Amino acid sequence: MAAASMVFTDCSSTTAAARLLPFTRTTPLLLRTTQYAVVFPRRLIHPPRTLSIHSSSSSPSQLSTASIVSQNEKHEKSDTKLEIVNKRLDGKKVAEKIRGEIAEEVLRMKDAIGVVPGLAVILVGDREESATYVSKKKEACEVVGITSFEVHLPEDATEQEVLDSISGFNEDPSVHGILVQLPLPRHMDEQNILNAVSIEKDVDGFHPLNIGCLAMRGREPFFVPCTPKGCIELLHRYDIPIKGKRAVVIGRSNIVGMPVALLLQVRFIF
């Protein structure tokens, strides 16, 4: 069976330019550059039956896909006809639906067992983008009925102060999830701090035991990193099959690139 290809972009990289594999190009098939993604097609020596490429559109919450379909099963170049098909994946629309589903689940949980989920966020320093992320998380919690907790420590706080805050949330039964907003100040040991979060409350999925379970077949992590899971969920919601595809993940960060690669290899394939 002919395979297909998808391109995933790791937008978490702090480098100015994306690190890309050395693709070659013989025809102006597709070249799209935005602030979120750079996609180059590679040489089609024997064109696959379906080649799917997705890249970011003008909005990071919306993705578009391009499919190149060969009409010739035998892949004879002279008879090959290519048809470009675009399909927009509306992340905002999907997110709204998911928020509605979560709000209903929170109400059912409250009625059934009298428990309201609680999410705690620890922010260190005054980075504007980090403060914005935390604010958005609090707004999302309010929309779906989740109780939010926040600890905001100064830039010069000690690592022990952060560890003490994590310990308090670990022991608090009203807190079911803990997020440590990254990046942390340079004088702090990020690995030491993330490892201190209880694995049962590690909703970022960064604890080494959660990542280890994610990488192993037959093991279930308590939580999956949210951005990679969001990429896979978006494909699921649009009934885009993953099994049998060849995927390129651009970027290898612990936050996005590496978990996406793991999800494509051993999780949620159908």
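In the predicted model, Glu161 lies within helix 3, which spans residues 159-171. With a relative accessibility of 35%, this residue falls in the partly exposed class. Glu161 belongs to a negatively charged surface patch, in which it is grouped with Asp126, Glu155, Asp156 and Asp164. Because a patch admits residues with over 30% relative accessible area and no salt bridge, the 35% of Glu161 satisfies the accessibility criterion.

Charge pairing was examined next. Across the whole structure, six salt bridges were identified. One of these joins Arg237 to Glu101, with an N to O distance of 3.0 Å between the side chains. This contact connects distant parts of the chain, as Arg237 is placed in helix 6 (residues 226-237) and Glu101 in helix 1 (residues 91-113), with 136 residues separating the two. Both partners are partly exposed: Arg237 has a relative accessible area of 31%, and Glu101 likewise has 31%.

Two further salt bridges are formed within helix 6. Lys229 pairs with Glu233 at 3.0 Å, N to O, and these residues are spaced four positions apart, about one turn of the helix. Lys229 is also partly exposed, at 25% relative accessibility. Glu233 additionally forms a salt bridge with Arg237, in which the closest N and O atoms are 2.7 Å apart. Here too, the two residues are four apart in helix 6, about one turn. Through shared partners, these salt bridges unite Glu101, Lys229, Glu233 and Arg237 in one network. Within it, Glu233 is paired with Lys229 and with Arg237, while Arg237 also contacts Glu101 of helix 1.

Technical notes:
Residues are numbered from 1 along each chain as its sequence is written. This is a predicted model: local features need pLDDT of at least 70, side-chain atom pairs count only at pLDDT 80 or more; totals for chains, interfaces and linings use all residues. Side-chain values use heavy atoms; hydrogens and water are left out. Patches are made of residues with over 30% relative accessible area and no salt bridge: like charges are joined within 9 Å, nonpolar side chains (Val, Leu, Ile, Met, Phe, Trp, Tyr) within 5 Å. Accessible areas come from the Shrake-Rupley method with a 1.4 Å probe; for residues, only the protein chains shown count as cover. A salt bridge is a side-chain nitrogen of Lys or Arg within 4 Å of a carboxyl oxygen of Asp or Glu. Lys and Arg count as positive and Asp and Glu as negative; His and the chain ends are not counted. The place of a charge is taken as NZ of Lys, CZ of Arg, CG of Asp or CD of Glu. Buried means under 20% relative accessible area, exposed over 50%, partly exposed in between (1.4 Å probe, protein chains only).
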